[in-house]
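Q: Please take a close look at the salt bridges of this protein, if there are any, and set them in their surroundings. I am new to the structure, so a connected account would help me most.

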Amino acid sequence: MENQTLSEDILLLEGLKVTPKSSIPVFTLLLLVYIFIMVSNLGLVALILRTRSLQQPMYLLLCNMSINDAFGATIIIPHVLRDILISHSGRYIHYFCCVIQAFCVHFHASASHTVLMIMAFDRYVAICNPLRYATIMTNTMVVKLSVTAWAVAFVMVAILVGLSVRLSRCRQVILNLFCDNASLFSLSCESLLINHIYGLGYTVVLLGSSMSSVTLTYLKIAAVCLRSKNKVLNSKALQTCATHLAVYILLLVSAFIIVILHRFPQLSDHRKVASVLGHVALPALNAIIYGLQIKEWKKFNTF
C-alpha cells in the first residue's frame, strides 16, 4: 500500500529535445547565462545597498525586481540543467515538489507585474509631483509598496495553486519541462470549471491592472514632459521611463507568446523553448538594462 501511494506521488516530466551532441553546449550556455543572471542581479542589489547616492526610492524598488529575477531563474534553470544531463526515463519529480515549483513559477511571474506597477507609481510621483516626491516616497512608503507587491502576488497565486491541489489525480505525466498550474490541474480527471474561471479572472485582473496602470501612468508622464520646457529634466525623465517600459514590454511579449503557444498542442516543443527563454532571457536583459541605467545616472550626476 505504501509503495502504491509513493508511486502515485512520483510524476514524470517531459524534457527538451536535445541531441546527445548538443547537450553539452546547451548545458554550458545555460549554466553561463545562469551565473551571469545571479551575479548581475545580486550584484545590482549589493551595489544599491552599498552606495549611498543610489539609496533612493527608484533604486530601492529596483532591488525587488532584481531579487525576483534571480529567484525566477533559480526556480527553472538548475532544474533544466539537471534534465539535460539525464535520460528521459529519469526525469521524475515528487508531487509535493511539483506543487512548490508551480507556486514559485507563478509567484515569480505575478511579482514581476506587481513590482513593475509600484515602480511605475514611483516614476509618476517623481515626474508629475516632484515637489512632493520626498514627502510621499519615504522609506516607509517604499517598504509598504514592496510588501504590498509581494503580498498581492502571494495571495493570488496561493489561491490559484490551491484550487489545483484540491483535485484528485488520475495521471502522472507532466507535459512540460517544469511544473506550473496548468500541469497540476491537467493531472486530474475531475471538472476543471472552477480552475478555469479563477485562472481567467486571475489573468484578467493581473494583466488588466498591470497594463492599465502602466499605460495611464506613462501617458500622464508623457503629457507632463510635453508641457515642460526643461530639456535636461525631460531627457532624464524619459531615460528612466524608457528603461522601465522596455522591461515591461519584454515581460508582456514573453507572457503573450507562452499563452498563445499553450493554445496549440502541436507546438509544444516551441512552447517549452519559449518558457525556458522567458526565465533565461528576461532576467539577463533586465540586469543589463538597469545596469546601464545606473551607469547613466552616475554619469548624469557627476556634472
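A: What follows begins with the whole chain and then turns to the pairs of charged side chains.

This is a predicted model, in which local features need pLDDT of at least 70 and side-chain atom pairs count only at pLDDT 80 or more, while totals for chains, interfaces and linings use all residues. Residues are numbered from 1 along each chain as its sequence is written, and side-chain values use heavy atoms, with hydrogens and water left out.

The protein has ten helices and three strands, these being DSSP runs numbered from the N terminus (H or I and at least four residues for helices, E and at least two for strands). Read from the N terminus, their order is α-β-α-α-β-α-α-α-β-α-α-α-α. Of the 303 residues, 46% count as buried, where buried means under 20% relative accessible area, exposed over 50% and partly exposed in between, with a 1.4 Å probe and protein chains only.

Side chains of opposite charge can pair when their charged atoms come close. The structure holds three salt bridges, each defined by a side-chain nitrogen of Lys or Arg within 4 Å of a carboxyl oxygen of Asp or Glu.

One of them joins D9 to R169, with N and O 2.7 Å apart. The two partners lie 160 residues apart and link distant parts of the chain, since D9 sits in the loop between α1 (2-8) and β1 (10-13), whereas R169 belongs to the loop between α6 and β3 (173-174). R169 counts as partly exposed because its relative accessibility is 31%.

Another pair is made by R82 and D83, whose closest N and O atoms are 2.8 Å apart. Its partners have unlike surroundings: R82 has 36% relative accessibility and therefore counts as partly exposed, while D83, at 5%, counts as buried.

A further salt bridge brings together D122 and R123 at 2.9 Å, N to O, and here both D122 and R123 are buried.

Helix α6, which precedes the loop that holds R169, also packs against another helix. The axes of α4 (residues 95-128) and α6 (residues 139-165) come within 8 Å and cross at roughly 145 degrees. The residues of this contact divide into 20 nonpolar, five polar and no charged, where Asp, Glu, Lys and Arg count as charged, Ala, Val, Leu, Ile, Met, Phe, Trp, Tyr, Cys and Pro as nonpolar, and the others, Gly among them, as polar.

Definitions and conventions:
Axes are lines fitted to C-alpha atoms, for helices over the stretch in contact, and angles run from 0 to 180 degrees between N-to-C directions.
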